[in-house]
Amino acid sequence: MEIRLGTIGSNFIVHNILRHVVKTPGFTYTAAYSRSEEKAEALANQYGADRFYTDMDAFLADPEVDMVYIATPNLLHYPQAKKALLAGKHVILEKPFCTTARDARELVKIAREKKLLLVDAVPPSYCPNFEILRSKLPKIGRLKLVMTNFSQYSSRYDKLLAGELPNIFNPEFAGGCLMDLNFYNIYLNVALFGKPLDADYYPNFYPGAGDTSGVAVLRYDGFVSQNAAAKDTWGVNFVQIEGEQGYLYATDGSSGLTEVRLVTKCGEEVFNEQPNPDRWFYEVQAVTKLLLEENYGEIYRRLDVMLDVIDTLEKARKKAGIHFPGD
């Protein structure tokens with residue numbers, strides 16, 4: 001199987017993916033789509049695609065495109081992914097995947113019925129250090145506390161302060177910090193510990209916009225997880241998982257996981273199997289392997305995790321009074 005890729009979107013994440021795609025055997029970058037002809041043409045030229053589109057129907061009708069990568073504002077993920085799947089295309093879908101569990105379940109249903117590959121694009125979950133974190137959990141005994149922080153001051157917050165409303169903060173596009181940075185924290189919890197019993201979110205809002213920072217609290221049987229994220233501050237990003245026999249600490253937070261430290265009464269060990277600091281490198285390598293092997297079992301297992309992530313996010317944001325079009 002050769003992956004002939006078309007892209008929807010032109011933001012920085014698309015560039016982060018494509019600079020690895022063009023160097024990865026098994027991938028061919030075929031076509032770019034954007035509503036802006038200038039952006040579509042520039043993207044195609046930069047990464048070697050031989051065509052570009054501003055017409056979505058024409059793009060999806062192209063027989064030379066068999067897989068579509070979608071990285072657009074959050075609210076567009078569901079309709080664009082659905083349209084691509086119904087056109088018979090495999091799909092790689094950026095986080096936060098969908099805004100509602102209902103929409104996510106429908107996409108998974110269509111993919112299964114049409115025997116298509118629907119792949120989540122969550123870089124840290126494909127990184128070697130993520131598996132190290134998972135494998136070392138039994139060493140720290142029964143869990144009691146989990147704490148994560150992902151604070152990254154956004155240049156688009158400056159635009160918000162200047163009176164603009166960027167999509168990333170616009171509720172009309174399902175923007176906000178919970179669906180962006182805190183997504184990584186929630187995903188890590190669900191992927192490691194399963195779906196929580198309950199979820200709450202305590203946001204900071206900017207007038208006329210969505211949440212710019214906040215804390216999500218997930219309750220599990222026997223332990224609690226506190227997850228902070230901010231686009232209006234910066235701080236030390238980390239993951240700390242505490243058990244009765246010790247703790248695990250990951251540097252650079254749930255999005256980076258650049259080093260994992262295991263501390264118990266017996267001593268301390270440090271692990272790092274990511275010599276390349278670019279997490280998108282590991283995502284492209286892992287996704288390529290899944291796709292070329294047509295590993296439906298692992299892809300659908302990951303989708304089951306994603307459905308629980310979306311359900312948790314939806315429950316927490318609605319309890320916090322955050323509602324999006326289409327809810």
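**Exercise 1. With which residue does Asp278 form a salt bridge, and how far apart are the closest N and O atoms?**

Before starting, keep in mind that the structure above is a predicted model.

Step 1. Looking at the side chain of Asp278, one finds a salt bridge with Arg19, in which the closest N and O atoms are 2.8 Å apart.

Step 2. Next, place the two partners along the chain: Asp278 lies in the loop between strand S14 (267-271) and helix H10 (279-292), while Arg19 belongs to helix H1 (residues 12-21), so the pair ties together parts that are 259 residues apart in sequence.

Step 3. Finally, consider the accessibility of each partner. Asp278 has a relative accessible area of 13% and is buried, whereas Arg19, with a relative accessible area of 33%, is partly exposed.

**Exercise 2. Describe the salt bridge between Arg51 and Asp62, and then set it beside other salt bridges of the model.**

Step 1. The side chains of Arg51 and Asp62 meet in a salt bridge, with a distance of 3.0 Å from N to O.

Step 2. Arg51 is part of strand S3 (residues 51-53), and Asp62 sits in the loop between helix H3 (56-61) and strand S4 (67-70), so this pair ties together parts that are 11 residues apart in sequence.

Step 3. Arg51 counts as partly exposed because its relative accessibility is 24%, and Asp62 counts as buried because its relative accessibility is 4%.

Step 4. Another salt bridge links Asp103 with Arg102, where the closest N and O atoms are 3.4 Å apart. Here Asp103 is buried, at 9% relative accessibility, and Arg102 is partly exposed, at 41%. In addition, Arg4, Glu64 and Asp66 are joined into one network by salt bridges that share partners.

Step 5. Counted over the model, there are 23 salt bridges.

**Exercise 3. Is Arg317 buried or exposed, and which residues is Arg317 in contact with?**

Step 1. Begin with the location: Arg317 lies in helix H11, which covers residues 296-319.

Step 2. The relative accessible area of Arg317 is 0%, and because buried means under 20%, Arg317 is buried.

Step 3. Leaving aside neighbours within four places in sequence, the contacts of Arg317 include Thr99, Thr100, Leu178 and Met179, and also among them are Ile322, His323, Phe324 and Asp327.

**Exercise 4. Find the nonpolar cores, and then a nonpolar patch on the surface.**

Step 1. The largest nonpolar core holds 104 residues, and of these Ile241 and Leu291 touch the most other members. A second, separate core consists of five residues, including Tyr157, Leu160, Ile168 and Ala209.

Step 2. On the surface, Tyr153, Leu161 and Trp234 make a nonpolar patch of about 360 Å².

Step 3. One of these patch residues, Leu161, is found in helix H7 (residues 155-161), and its relative accessibility of 44% makes it count as partly exposed.

**Exercise 5. How many disulfides does a search of the whole structure find?**

Step 1. Recall that a disulfide is a covalent bond between the sulfur atoms of two cysteines.

Step 2. A search of the whole structure finds zero disulfides. Cys177, for example, is in no disulfide, and the nearest cysteine sulfur, that of Cys98, is 20 Å away, whereas the cut-off for a disulfide is sulfur atoms within 2.5 Å.

Step 3. As for accessibility, Cys177 is buried, with a relative accessible area of 0%, but Cys266 counts as exposed, at 81% relative accessibility.

Definitions and conventions: Residues numbered from 1 in each chain as written. Predicted model: local features only at pLDDT ≥ 70, side-chain atom pairs only at ≥ 80, totals over all residues. Heavy atoms only, no water. Core = buried A, V, L, I, M, F, W, Y, C linked by side-chain atoms within 4.5 Å. Buried < 20%, exposed > 50% of the residue type's maximum accessible area, 1.4 Å probe, protein only. Helix = DSSP H or I, 4+ residues; strand = E, 2+ residues; numbered from the N terminus. Contact = heavy atoms within 4.5 Å. Patch = residues over 30% accessible without salt bridge, like charges linked within 9 Å, V, L, I, M, F, W, Y side chains within 5 Å. Areas by Shrake-Rupley, 256 points an atom, 1.4 Å probe, with all protein chains shown as cover. Salt bridge = Lys/Arg side-chain N within 4 Å of Asp/Glu carboxyl O.
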